[in-house]
Amino acid sequence: MAKLSYYAFDIGTVALAIAFALFVVHTTLLASGGRRLMSTAGAGGGSVDVGSDVPDGRGTAGAIAHAFTWVAFILIATGLIVRGVLVGRGPWGNLYEFSVAFGFGIVLGYLYLARRYPLKAIAFVPVGVATFLMGYAFTLPQAISPLVPALDNPPLLTIHVAMAVISYGILAVSFGAAVGYLIQGPKNRVTWLPPAKVLDEVAYRAVIIGFPIFATLIILGSWWASIAWGRYWGWDPKETASLVTWLMYAVYLHARSQRGWAGRPAALILIMGFMGVLFTYLGGNLIFGGLHSYAGT
């Protein structure tokens, strides 16, 4: 069964890489078509809103990419389920497992929000991040090994890290929407992206979902720390990075409600927030060490 999980991860990563490449093609075609529309708008008296789910040939690459994303999602989910059965806990007890789960969470977040919003034009951003994480995972030790004593609490490990996977994954989609918003601008200066209002709503909806899960993650982690290390909070690098990142998203939610900070400043905060997520993921484990450094093994 262990080989089945590895095969699922391998093929899922290939499918995800194909999806990423096709999303890049899709966005490039939309952008080139959008520029042609904008250049002819003055002479024709109007322009056509291409959007991200177009009915002509330019939408083919996006549709195929979306299908490959579903294939990758199913394969990686299968691999995680098999590995979870083998280890008897959530399959995210080391950095290899968490990297795979993180990539899976991003794909899950994209597919969930794409059911309601036209996101194919910006899908290359979250899917590209997920592809990078899956590729990075293959550079890490992949063997199944016993948990270190501090992690040897399967129920808490499963719930705590699952919350990280879900919140990090859906916040990656808010990052993609923020990048799209900065390109689009409040006056909808490009025709091939969803309108600024849609991008702003996607970003906000993602944070509204991910923010309370992130908060619960920190609270549950503090409880686990009291069990494992005898204190609720010790300003460990990963603990500190998690708190700072959570505060960035709290600032975003406040900024979006203020007229002077809505729009571009709020989108910039989201980009910094996701940089905080990536720093929490890597920095607390590999750069600064601390009590969480065992996750790099």
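**Exercise 1. Which side chain meets Arg256 in a salt bridge, and where in the chain do the two residues lie?**

Step 1. In this predicted model, the side chains of Arg256 and Asp200 form a salt bridge, with 2.6 Å from N to O.

Step 2. Arg256 belongs to helix 7 (residues 237-256) and Asp200 to helix 6 (residues 196-229); the pair links distant parts of the chain, 56 residues apart.

Step 3. Arg256 has a relative accessibility of 26% and therefore counts as partly exposed, since partly exposed covers the range between 20% and 50%.

Step 4. Arg256 also lies over the face of Tyr204, at 4.0 Å from the ring centre.

**Exercise 2. Compare the expected span of helix 7 with the distance between its end C-alpha atoms, then list its buried residues.**

Step 1. The expected span is 1.5 Å times one less than the number of residues.

Step 2. For the 20 residues of helix 7 this gives 28 Å, and the end C-alpha atoms are 29 Å apart, so the two values agree.

Step 3. The buried residues of helix 7 are Lys238, Glu239, Ala241, Ser242, Thr245, Tyr249, Tyr252 and Ala255.

Step 4. Glu239 has a relative accessible area of 8%, which is why it is classed as buried. Its side chain meets that of Arg231 in a salt bridge (2.9 Å, N to O).

**Exercise 3. Which residues are linked with Arg89 in a network of salt bridges, and is Arg89 buried or exposed?**

Step 1. The whole structure holds five salt bridges.

Step 2. Arg83, Arg89 and Glu97 are linked in a network. Within this network, Glu97 and Arg89 meet at 3.1 Å, N to O.

Step 3. Arg89 is buried because its relative accessible area is 11%. Glu97, at 2% relative accessibility, is buried as well.

**Exercise 4. Classify the ring pair of Phe102 and Tyr281, and state which cluster contains these rings.**

Step 1. A search of the whole structure gives 14 aromatic pairs.

Step 2. In the pair of Phe102 and Tyr281, the ring centres are 5.3 Å apart and the planes stand at 75°, so the pair is edge-to-face.

Step 3. This pair links distant parts of the chain: Phe102 is in helix 3 (residues 95-114) and Tyr281 in helix 8 (residues 264-287), 179 residues apart.

Step 4. Phe102 and Tyr281 are both buried.

Step 5. Ring pairs join Phe98, Phe102, Tyr168, Phe214 and Tyr281 into a cluster.

Methods. Residues are numbered from 1 along each chain as its sequence is written. This is a predicted model: local features need pLDDT of at least 70, side-chain atom pairs count only at pLDDT 80 or more; totals for chains, interfaces and linings use all residues. Side-chain values use heavy atoms; hydrogens and water are left out. A salt bridge is a side-chain nitrogen of Lys or Arg within 4 Å of a carboxyl oxygen of Asp or Glu. Buried means under 20% relative accessible area, exposed over 50%, partly exposed in between (1.4 Å probe, protein chains only). Helices (H or I, at least four residues) and strands (E, at least two) are DSSP runs, numbered from the N terminus. Rings of Phe, Tyr and Trp (its six-membered ring) pair if their centres lie within 6.5 Å; planes under 30 degrees apart count as stacked, over 60 as edge-to-face and the rest as tilted. A charge sits over a ring if NZ of Lys or CZ of Arg is within 6 Å of the ring centre and within 35 degrees of the ring normal.
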